[in-house]
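This briefing is meant for a reader who is meeting the structure for the first time. Please keep the sequence and the model at hand while going through the points below.

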Amino acid sequence: ANKLGSQKERTLAMIKPDAVTKVGDIIQMIYDAGLIVTKARMTRLSGKQAADFYMEHQSKSFFNNLVQFVSSGPVIVMELMGDEAVSVWRKVLGPTDSSVARKDASASLRAQFGTDGTKNAGHGSDSMASAARELEFFFPSTAGHSPPNTAKFSDC
Ligand code: RTP
Ligand code: MG
C-alpha cells in the first residue's frame, strides 16, 4: 500500500516469558518493520489474568497449557503503531508454531526465539477489534492520568 492508501493502526504486542531476555533484538525488529513503540510495560500475569486475556481460547485443548505458560514469568506488553500495524506485527511474529516457523526462509521472531506450538515467544492482536480490547486490557483508558493499571498487575 502506498502512503496515501495505507492506514495507521495500533496493536498489542506481548513478549511472552520465554523471550523476555530477547527484548533488545525484538524492539529492533519492530523498528526495522516500520512500526514504533508508543507504550510499554513489564508485568507478570496471574493465572486468572492470563485466562481472561486468552478467553477466546477457553474451549481449546491447549488452553490450560497456554495459561500456565504465559503466567510462568514476566511478560513485556507494548502498544505498537504504524501503517497496517496489526498485520505487519503478525508477519514479524511468523507462524504460530515456532517449529513450523523455522521451516520458512524468513527469520521470523517465533523462528528465532520460540520453541514449539505453545512456547512461541510473542503475541499479536489478530484484528483491529482484538487490538482495541487487548490494549484496553493492559493500558486501560479509564485510569485517566494516573499511572496505568498499577493495582491490577504486579510489576516485576
Ligand atoms: P497469539 O494469539 O499468541 O498471538 O498466537 P496466534 O494468534 O498465532 O495463535 P492462537 O491460535 O491465537 O493461539 C494462541 C496461543 O496459544 C498457544 N497455542 N498452543 N496446539 C497448541 O499447543 C497451541 N496452539 C496455540 C500459542 O502460545 C499461541 O500463540
Ligand atoms: Mg491469537
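A convenient place to begin is Gln 28, a residue of helix H1, in what is a predicted model. Because Gln 28 has 11 C-beta neighbours inside 10 Å, and 12 or fewer is the limit for the class, this residue counts as exposed. Gln 28 and Ala 121 are separated by 93 residues in sequence, and their C-alpha atoms lie 15 Å apart in space.

**The chain as a whole**

- The chain contains seven helices and four strands, and when read along the sequence these elements follow the pattern β-α-β-α-α-β-α-α-α-β-α.
- The chain has 156 residues, of which 31% count as buried.
- Among the contacts in the chain with a separation of 6 or more, 68% are made by residues 24 or more positions apart.

**Helix H1 and its two faces**

- Helix H1 covers residues 23-32, and within this helix Ile 26, Met 29 and Ile 30 are buried.
- When one looks down the axis of H1, the buried residues fall within an arc of 105°, and they therefore line one face of the helix.
- As background to this pattern, an α-helix has 3.6 residues a turn, so residues three or four places apart point the same way.
- The face of H1 that is turned away from the buried side carries the exposed residues Gly 24, Asp 25, Gln 28, Tyr 31 and Asp 32.
- The partners against which the buried residues of H1 pack are strand E1 (8-15), strand E2 (36-43), strand E3 (75-83), helix H4 (85-93) and helix H6 (109-113).
- After H1 comes Gly 34, a residue whose phi is positive, near 90°.

**The sheet**

- The four strands form an open sheet in the order E2-E3-E1-E4, and the pairing is antiparallel.
- Strand E2 and strand E4 (122-124) stand at the edges and have a single partner strand each, so that one side of each is left without a neighbour in the sheet.
- On average, and with direction ignored, neighbouring strands of this sheet are turned by 20° against each other.
- E2 and E3 are joined by seven bridges in the antiparallel sense, and Lys 39 stands opposite Glu 79 of E3.
- Eight bridges connect E1 and E3, again in the antiparallel sense, and Ala 13 has Met 78 in E3 as its bridge partner.
- Three bridges connect E1 and E4, which also pair in the antiparallel sense, and here Ile 15 has Gly 122 in E4 as its bridge partner.
- Arg 41 belongs to strand E2, and this residue is partly exposed, because 18 other C-beta atoms lie within 10 Å of its own.
- Arg 41 and Ile 76 are 35 residues apart in sequence, yet the distance between them in space is 5.7 Å, C-alpha to C-alpha.

**Helices that pack on the sheet**

- E1 and E3, which pair in the antiparallel sense, belong to the sheet with the order E2-E3-E1-E4.
- Helix H4 packs on this sheet and touches E1, E3 and E4, with a direction that makes about 35° with that of E1.
- Helix H7, which covers residues 128-138, also packs on the sheet, where H7 touches E1 and E3, and the direction of this helix makes about 55° with that of E1.

**Two residues with positive phi that are not glycines**

- Glu 84 has a positive phi of about 50° although this residue is not a glycine, and Glu 84 is found in the loop between E3 and H4.
- Because there are 16 C-beta neighbours inside 10 Å, Glu 84 counts as partly exposed.
- Ala 121 likewise is not a glycine and has a positive phi, in this case of about 75°, and Ala 121 is found in the loop between H6 and E4.
- Ala 121 is buried, because 25 other C-beta atoms lie within 10 Å.

**The surroundings of ligand 1**

- The residues that surround ligand 1 are His 57, Phe 62, Leu 66, Thr 96, Gly 117, Thr 118, Asn 120, His 123, Gly 124 and Asp 126.
- Sorted by class, the shell around ligand 1 consists of two nonpolar, seven polar and one charged residues.

Methods:
Residues are numbered from 1 along each chain as its sequence is written. Chains are lettered from A and ligands numbered from 1 in the order in which they are written. This is a predicted model: local features need pLDDT of at least 70, side-chain atom pairs count only at pLDDT 80 or more; totals for chains, interfaces and linings use all residues. A residue is buried if 20 or more other C-beta atoms lie within 10 Å of its own, exposed if 12 or fewer, and partly exposed in between; C-beta atoms are placed from the backbone. The arc is that of the directions from the helix axis to the C-beta atoms. Two residues are in contact if their C-beta atoms, placed from the backbone, lie within 7 Å. A residue is near a molecule or strand if its C-beta atom, placed from the backbone, lies within 6 Å of it. Ala, Val, Leu, Ile, Met, Phe, Trp, Tyr, Cys and Pro count as nonpolar, Asp, Glu, Lys and Arg as charged, and the others, Gly among them, as polar. Two strands pair if DSSP finds at least two bridges between them. Axes are lines fitted to C-alpha atoms, for helices over the stretch in contact, and angles run from 0 to 180 degrees between N-to-C directions.
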